[in-house]
Amino acid sequence: MNPADDTEAPATAHHRPEGAATAGPRPPGGTARPLRVAVIGGGPGGLYAAALLKRLDPAREITVWERNAPDDTFGFGVVLSDETLGGIEHADPVVYAALQRDFVRWDEIDIVHRGVRQTSGGHGFAALGRHRLLRILQERCRALGVVLHFGVQAPDPAVLARTHDLVVAADGVHSGTREAFAEVFRPRITVHRCRYIWLAADFAFDAFRFEIVRTEHGVMQLHGYPYSRPSPDHHPSTRPSGPQDHGASTVIVEMREEVWRAAGFDETEESESVERCAKIFADALGGRPLKSNNSTWTTFRTVVNERWSHGNVVLLGDAAHTAHFSIGSGTKLAVEDALALAACLDEHASPADALAAYEAERRPVVASTQRAARASLEWFENLSMYLGQSPRQFAFNLLTRSRRVTHDNLRLRDPRFTGAVERAFGCPPGTPPMFTPFRLREVTLRNRVVVSPMDMYSAVDGVPGDFHLVHLGARALGGAGLVMTEMVCVSPEGRITPGCAGLYTGRQAEAWRRITDFVHRQAPGTAIGVQLGHSGRKGSTKLMWEGMDEPLDDGNWPLVAASPLPYKPGSQVPREMSRAQLTDMREQFAAAALRAARAGFDLLELHCAHGYLLSGFLSPLTNHRTDAYGGSLEGRLRFPLEVFDAVRAVWPQERPMTVRISATDWAEGGTSAEESVAIARAFAAHGADAVDVSAGQVVAGERPEFGRSYQTPFADRIRHEAGVPVIAVGAISSWDDVNSLILAGRTDLCALARPHLYDPHWTLHAAAEQGYEGPGVVWPAPYRAGSRRPVTGRTDAPRPRLTLHGTGQDV
């Protein structure tokens with residue numbers, strides 16, 4: 001529904017999955033151009049695949065089975081991206097020309113929040129009626145000689161697989177083919193939290209419209225867009241005797257399940273639901289009615305399959321994968337699947353190779369789209385978090401929700417809108433959001449970039465040496481507002497490896513003072529923070545590059561933890577900490593904090609994440625205690641809060657303290673999203689100035705959901721629900737990401753690790769690439785000559801001024 005999210009060209013596959021299975025349906029042997037093809041499902045993907053396969057080889061016998069009538073369809077309008085249309089144009093100009101005649105195009109998005117409409121332009125939409133799309137494809141199939149069966153249930157897919165060379169299963173989100181071979185395709189289906197209903201209005205919206213309404217039952221939202229315009233001879237000023245053509249729009253009404261039930265929609269008939277939706281969104285609809293087409297309230301289901309083919313049976317479109325309607329990619333993906341499948345069958349010597357190539361080509365594109373769709377649908381699921389935002393920031397937040405549309409991208413599309421959002425945020429003229437200051441107690445960070453803590457495993461007896469001076473000094477010179485040390489251990493037994501740094505001796509404190517002095521002297525304006533922690537059950541292991549999390553071959557030290565649970569099989573079993581040991585541990589943290597203050601650190605972070613000692617108390621997967629320090633979340637929080645209080649008591653009051661937490665364990669039964677908010681609230685109540693929101697590394701069997709900025713939603717939720725400043729981490733890799741997250745209000749600071757290993761001057765270069773020269777980042781005087789990108793090639797060659805068009809002869 002939002003082609004603004006679909007402006008990226010499909011990715012190129014760089015791998016090939018295992019070959020197609022041969023059990024069940026017969027192997028796709030012989031020619032790569034199967035002659036007898038069965039298509040199950042007469043939606044856009046199935047019809048287009050049939051047309052393409054027939055066009056590529058007219059000798060093929062292609063039959064489509066669709067259990068519904070030709071005009072039966074779910075939904076009203078369809079949106080396709082320019083990339084998809086380009087593929088259609090090259091593959092079948094006849095279909096492309098027919099689509100072009102019917103497309104409605106517009107480029108604006110209206111977002112209505114608190115009764116205020118914000119408009120953003122430059123988005124490039126193209127839509128048409130779903131009925132019209134189906135008729136175009138049906139007519140094309142008939143013209144090419146494809147046999148179409150409507151109102152007929154397809155034969156059993158196993159039977160079709162035995163009697164045809166290829167079976168294309170395009171039978172939708174509830175695919176019977178997928179279920180018939182579920183043990184091979186291994187589908188994972190996730191049902192989400194919102195209810196929605198697909199409706200239509202007999203008029204054309206001027207733009208893509210998002211309308212947010214707060215009701216007595218909760219927040220509800222409307223997604224609407226035009227899919228047909230009034231006929232050219234329609235004149236609103238006249239009053240014809242017959243029906244008027246005002247165009248038409250798709251209207252989707254969506255709300256959380258609990259809001260849907262509270263409003264009584266679970267007990268209303270279809271007609272009553274439609275009437276009530278029209279009244280709720282009367283402002284958006286101008287008082288006009290809504291209509292349905294056997295519309296029902298439903299929940300969105302995300303479909304993921306481990307395999308897309310089984311012998312000569314292949315999945316296509318929603319049968320293989322789904323992407324939430326809020327990014328408008330369902331039909332787009334199905335059509336692109338059809339293009340790729342037809343091309344691969346035409347390019348490869350055997351059907352087995354063709355189906356493997358099809359999956360290898362499409363899977364990474366689909367995975368990327370599904371990540372964006374998941375981010376978008378979760379944004380709408382958690383819409384109530386953002387109701388306190390100003391209309392401008394809310395609009396920017398909505399537009400960038402999927403992380404595909406970014407600050408820089410939106411600034412190119414609509415600089416006036418983006419500039420207004422920046423001014424409302426407080427950006428001085430010409431200042432990107434990342435270079436605005438942020439205050440924590442008496443420390444003002446000149447920009448929003450943090451060099452994330454990164455273990456270097458290069459200390460000797462806990463003493464940081466020249467490596468640490470150069471490592472941290474270089475990043476401080478690189479322009480970040482805050483540079484964090486690695487986890488600095490509070491005792492010898494608290495180290496992860498023999499190479500971990502510490503703050504349990506005066507010698508170590510003196511070595512750290514050398515580093516903080518360098519930063520304050522040579523990079524004035526850059527703050528340096530220390531992260532204090534204890535390894536807990538993850539200690540006494542080899543250096544990372546010698547065997548991460550592997551126990552030492554010799555010289556091991558005893559481990560302590562909340563409970564006597566090893567990190568993984570083969571790991572050392574820790575001792576459960578006694579009450580006396582808990583007291584001693586609090587004193588060790590406090591003593592290390594005193595040394596950190598004397599060493600000149602500007603900020604202290606308490607490490608309560610990643611399965612280390614304090615994190616081990618917080619997670620129910622690692623804390624099995626039955627005393628006051630276990631059980632409920634209150635009990636599991638008790639010791640980390642006691643340590644925090646002990647540190648805060650000795651840490652200078654004018655200097656800020658933060659806490660790093662794992663907002664999820666990425667494992668069943670672990671810390672929940674609701675608990676992470678409660679944990680953040682508890683630390684804030686005890687004086688934490690910000691929460692550094694990370695995730696995972698608590699248990700060895702975790703299953704993280706990796707992706708671009710994949711941990712930022714946890715920070716976003718904690719910021720809005722706990723009301724505490726947050727530091728976001730997790731695959732934030734570009735300055736555009738940082739600007740987007742800051743301006744949308746999803747975080748206050750962004751911590752980056754690997755980008756700073758790749759480029760110690762990442763922040764300086766981000767400023768140079770954006771043409772920024774203000775106080776938010778300062779080039780060290782000896783480096784100023786490098787503030788412009790070096791010229792890498794000749795640029796003074798004359799440009800071509802005349803193009804000669806040949807006529808078949810050399811010129």
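**Entry 1: R140 and D92**

I began with R140 and D92, and both turn out to be buried. This is a predicted model, so I take every value here as computed from it. The two residues form a salt bridge, with 2.9 Å between the closest N and O atoms. I then looked up where each partner sits. R140 belongs to helix 4 (residues 130-144), while D92 is in the loop between helix 2 (82-91) and helix 3 (93-102), so the bridge ties together parts that are 48 residues apart in sequence.

**Entry 2: R362 and its two acidic partners**

Next I went to R362. Which residues form salt bridges with R362? E336 is one of them, its closest N and O atoms being 3.4 Å apart from those of R362. E336 lies in helix 11 (residues 330-347) and R362 in helix 12 (residues 351-381), so this pair ties together parts that are 26 residues apart in sequence. Both E336 and R362 are buried.

D337 also forms a salt bridge with R362, and here the closest N and O atoms are 2.7 Å apart. Again the pair links distant parts of the chain, with D337 in helix 11 and R362 in helix 12, 25 residues apart. I checked the accessibility as well: D337 has a relative accessible area of 0% and is therefore buried. R362, at 3%, is buried too.

While on this topic, I noted a network in which salt bridges with shared partners join R195, E257, R261 and D266. My tally for the model is 34 salt bridges.

**Entry 3: R60, a buried charge**

R60 caught my eye next. Where is R60 found? I located R60 in the loop between helix 1 (44-56) and strand 2 (61-66). R60 is buried yet has no salt bridge, and the nearest side chain of opposite charge, D57, is 4.3 Å away. The cut-off for a salt bridge is 4 Å, so a gap of 4.3 Å does not qualify. I did find a polar atom of the R60 side chain 2.9 Å from the backbone oxygen of P34.

**Entry 4: aromatic rings**

I turned to the rings and counted 26 aromatic pairs. In the pair W379 and Y386, the ring centres are 5.0 Å apart and the planes meet at 10°, so I logged the pair as stacked. W379 and Y386 are both buried.

For contrast, I looked at F706 and Y710, which form an edge-to-face pair: 5.3 Å from centre to centre, with 70° between the planes. Is F706 buried or exposed? At 57% relative accessibility, F706 counts as exposed. Y710, with a relative accessible area of 17%, is buried.

I also traced a cluster linked by ring pairs, made up of W106, F125, F208, F210, Y225, W379, F380, Y386 and F394. The stacked W379 and Y386 from above both belong to this cluster.

**Entry 5: charges over rings**

Two contacts between a charge and a ring went into my notes. R495 lies over the face of W557, 4.6 Å from the ring centre. In the other, the charged end of K538 sits over the ring of Y612, at 4.8 Å from its centre.

**Entry 6: domains**

Last, I stepped back to the whole chain. How is the chain divided into domains? Domain 1 covers 36-230 + 245-379, and domain 2 covers 443-773. I noted that the C-alpha centres of domain 1 and domain 2 lie 44 Å apart.

Methods
Residues numbered from 1 in each chain as written. Predicted model: local features only at pLDDT ≥ 70, side-chain atom pairs only at ≥ 80, totals over all residues. Heavy atoms only, no water. Helix = DSSP H or I, 4+ residues; strand = E, 2+ residues; numbered from the N terminus. Buried < 20%, exposed > 50% of the residue type's maximum accessible area, 1.4 Å probe, protein only. Lys, Arg positive; Asp, Glu negative; His and termini not counted. Polar contact = N/O pair within 3.5 Å; in protein donor to acceptor, adjacent residues only side chain to side chain. Domains from an automatic or database assignment. Phe/Tyr/Trp six-rings, centres within 6.5 Å; stacked < 30°, edge-to-face > 60°. Lys NZ or Arg CZ within 6 Å of the ring centre and 35° of its normal.
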